[in-house]
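These are my notebook entries on a two-chain model. I set down what I looked up, in the order in which I looked.

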Amino acid sequence: MRILVIEDDLEAAAYVVKGLRESGHIIDHAADGEEGLTLALSSSFDVLIVDRMLPKRDGLSVVETLREEGVRTPVLFLSALGEVDDRIKGLKAGGDDYLTKPYAFAELLARIEVLVRRANPDQVRTRLQVGNLEVDLLARKVVREGQEIDLQPREFRLLEYLMKHAGQVVTRTMLLENVWEYHFDPQTNVIDVHISRLRAKIDKNFDQPLLHTVRGAGYSLRAAD
Amino acid sequence: MPLIKLLQTSTFRLAVIYLALFAASAITLLAYVYWNTAGFLARQTDEAVEAEIAGLAEQYRQGGLPLLVHTVIQRSRDPGQSLYLVLDPAGRVLAGTLDGRPQVEPGADGWFDFTYNRKTLDGTEVKAARARAFYLQEGFYLLVGRDVQERREIENLITNALIWAIGLTIALGLVGGLVMSRNMLARVDDINRSSRDIMEGDLSQRLPIAGTGDELDQLGRNLNAMLDQIEALMIGMRQVTDNIAHDLRSPLNRLRNRIEVTLMQEATPEDYKQALEKTIAEADNLLGTFNALLMIARAEAGSLREAMTWVDLSATLHDAAELYEPVAEEKNLAISIDVPEGLMIWGNRELLSQAVANLLDNAIKHGLPQEGDTERTIAVSADIDPARPGRGVVLSVADRGPGIPEDQRHRVLERFVRLEASRNTPGSGLGLSLVAAVARLHGGTIELDDNRPGLRVSLFLPVSGR
């Protein structure tokens, strides 16, 4: 994937660029808003990672200008401003996701994957399938190997989110934001317990586990290779 | 005090304006008095002269010049204040009280003022007079007038009195204005001096209060109340900084030590990996603490008040309980929820959720019931506050654990305070501080009670903010 990182803190940028290169992406870096805007307008990227506060032109304005010019590339904002209203401002300006500094690299990587997938959406699907696990979103039915699995409403939403991002790493924060719509960090690892409950229902009585824990990052729902 | 500064004060300017108004009204009043006294006297003189002239004209019409001269001679014997003079065409005195024709030209209305010598017991005196003169046929000259010496003196008396009165009014007003401004200025200067001291960092200083209860005192008292609040905030801030220094330094030190020790030893890549993972976990903990502190600070600064909407408390409680339910179940605890459908308050959903989440987290971590207690329920409830129906709600989370001794209850609301009993459970000591800050942000209060057994934390929140 080709990714543009617009970040003025060179050390932070070097860290992001190195990490993303090691994950197999092609990275361009711009150190200020003007340079970033020029690069983003002149060539095509799969994802833009934009810091909120940049010299010459701030991140919000870069993204607003890009959107006015018709550039639809998904944008992930990075910011030290983590309040809910800052987040809303970022999304209003045309950002697709918002990550507060400091963040775990796994979190950044997981969100980039999700953003790219979101940019190329399949047509709206009402049935999802991973391995032999099937979910009917309309009938709200979950079936694996012909056995119907009974889920609580929240467990269903959790599974739905994991299914929609099957094969990708989904972090705990992403689950908390998208399944529970909370933007705070619960002190206990409540998400893990929800996941193990879900796992008990969809994986326990079957040979091949589908719901995997990714160490240091989060979870991933995928069929065995 | 420099005069220029004094003249620039608003008090003095006000005094001058009042003075001008007062002087104008005084002058009007005195002019009226003058017109009614001196003016009256002048008119009376003129009327008396006119009456005499009318009388003499009548004599002249009936008996001609001889009768006129005769009458004048008669009247001149006992003239009183009246003056007469009749001259023949050659200028010789035929009759009258004057020695000769006064060397003054009459004005346009025929009147003229002059002086004459009046014989008294001890010689002559120069007196003021006012008269009218006529030329009769054949060139005879008639003057009828009146001595106005006394009247002039009265007039002068009145005029002088009036001038003095006006002068005195203005002088007293000016002096009064200056004195008033100076007193005012002295007090304002006191206030300014104290303010400067305070600005230079002496926050314990207070503005002087004169004790008169006037506007300046009120101003001073309000400013002092403001200073009290600022000082309290500063002290609070200092405590927080001290806390942060203490409670963030220790984990940072731990983190640093671990890295240092790992680097000192001969280690396998596996050892390094483990050490780094522990370091990340510790850094994450630190960040969590840091975020919690920031959140408390934001809630206390009140800047999150803008992000408020109507929040459905029943949905908020159900969602938060649902999030924690599996964790509770792992410890064999149940969460019961008792909240009327559609109970709304004006607030910040995110913060209220976090407050409830923190309370549940605490209840699960620290509120485990005694062995053998069959009632293993965390009771979450919200309802209309019976003490303030329609205006307040009370939201509470109650566990059946060991509770908190009464003398410790207020302490656990402070930042970083962790009781001895919970030293070994994970946590930052900020959970209840945030709950308390959220309650305050919503204009409410927090109370910790004995749930017999256990701890009950209640938030008393107003329905619509303040």
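The entries below go from the chains to their contact, and then to helices, sheets and cores.

**Entry 1. Conventions.** I worked on a predicted model, in which local features need pLDDT of at least 70 and side-chain atom pairs count only at pLDDT 80 or more, while totals for chains, interfaces and linings use all residues. Residues are numbered from 1 along each chain as its sequence is written, and chains are lettered from A and ligands numbered from 1 in the order in which they are written.

**Entry 2. The chains.** I looked up the secondary structure, taking helices (H or I, at least four residues) and strands (E, at least two) as DSSP runs numbered from the N terminus. Chain A has eight helices and 12 strands; for chain B I also noted eight helices and 12 strands. I then looked up burial, where a residue is buried if 20 or more other C-beta atoms lie within 10 Å of its own, exposed if 12 or fewer, and partly exposed in between, with C-beta atoms placed from the backbone. Of the 225 residues of chain A, 35% are buried. In chain B, buried residues make up 24% of 466.

For contacts, I required that the C-beta atoms of two residues, placed from the backbone, lie within 7 Å. Among contacts between residues at least 6 apart in sequence, 57% in chain A join residues at least 24 apart. The corresponding share in chain B is 61%.

**Entry 3. Where the chains meet.** I found 17 residues of chain A in contact with 19 residues of chain B. On the chain A side, α4 (84-92) and α8 (190-202) each supply at least two residues, and α8(A) gives the most, with four. I sorted residues by class: Ala, Val, Leu, Ile, Met, Phe, Trp, Tyr, Cys and Pro count as nonpolar, Asp, Glu, Lys and Arg as charged, and the others, Gly among them, as polar. The side of chain A that touches chain B has eight nonpolar, four polar and five charged residues.

Which helix of chain B does α8(A) cross at roughly 80°? It is α6(B) (residues 313-330), and the two axes come within 8 Å. Axes here are lines fitted to C-alpha atoms, for helices over the stretch in contact, and angles run from 0 to 180 degrees between N-to-C directions. The crossing therefore makes α8(A) roughly perpendicular to α6(B); angles under 35 degrees count as roughly parallel, over 145 as roughly antiparallel, 65 to 115 as roughly perpendicular and the rest as oblique. Val190(A), Val193(A), His194(A) and Arg197(A) meet a set in α6(B) that includes Leu323(B), Tyr324(B) and Glu330(B). By class, this contact has six nonpolar, one polar and two charged residues.

**Entry 4. A helix pair in chain B.** I noted that α4(B) (residues 215-264) and α5(B) (residues 269-301) pack at about 170°, with axes 10 Å apart. They are therefore roughly antiparallel. Among the residues that meet are Leu248(B) and Leu255(B) from α4(B), with Ala275(B) and Leu286(B) from α5(B). The contact divides into 11 nonpolar, four polar and five charged residues.

**Entry 5. Sheets.** I counted two strands as paired if DSSP finds at least two bridges between them. In chain B, five strands form an open sheet of mixed pairing, in the order β7-β9-β10-β12-β11. Its edge strands are β7 (334-338) and β11 (445-450), and the twist averages 15° from one strand to the next. β11(B) pairs with β12(B) (455-462) in the antiparallel sense over six bridges, and Asp449(B) stands opposite Arg456(B). Helix α7(B) (residues 349-366) lies across β9(B), β10(B) and β12(B), at about 25° to β10(B).

In chain A, I found an open antiparallel sheet of three strands, ordered β10-β12-β11. Four bridges join β11(A) to β12(A), where His212(A) stands opposite Ser220(A).

**Entry 6. Cores.** A nonpolar core is a set of buried Ala, Val, Leu, Ile, Met, Phe, Trp, Tyr and Cys residues joined through C-beta atoms within 7 Å. How many residues does the largest one have? It has 75, and those with the most contacts inside it are Tyr324(B), Leu360(B) and Val438(B). α7(B) gives the most to this core, with nine residues. Not counting residues up to four places away in sequence, Tyr324(B) touches Val190(A), Ile335(B), Ala357(B), Leu360(B) and Ile364(B). A second, separate core of 28 residues includes Leu4(A), Leu48(A), Ile49(A) and Val62(A).
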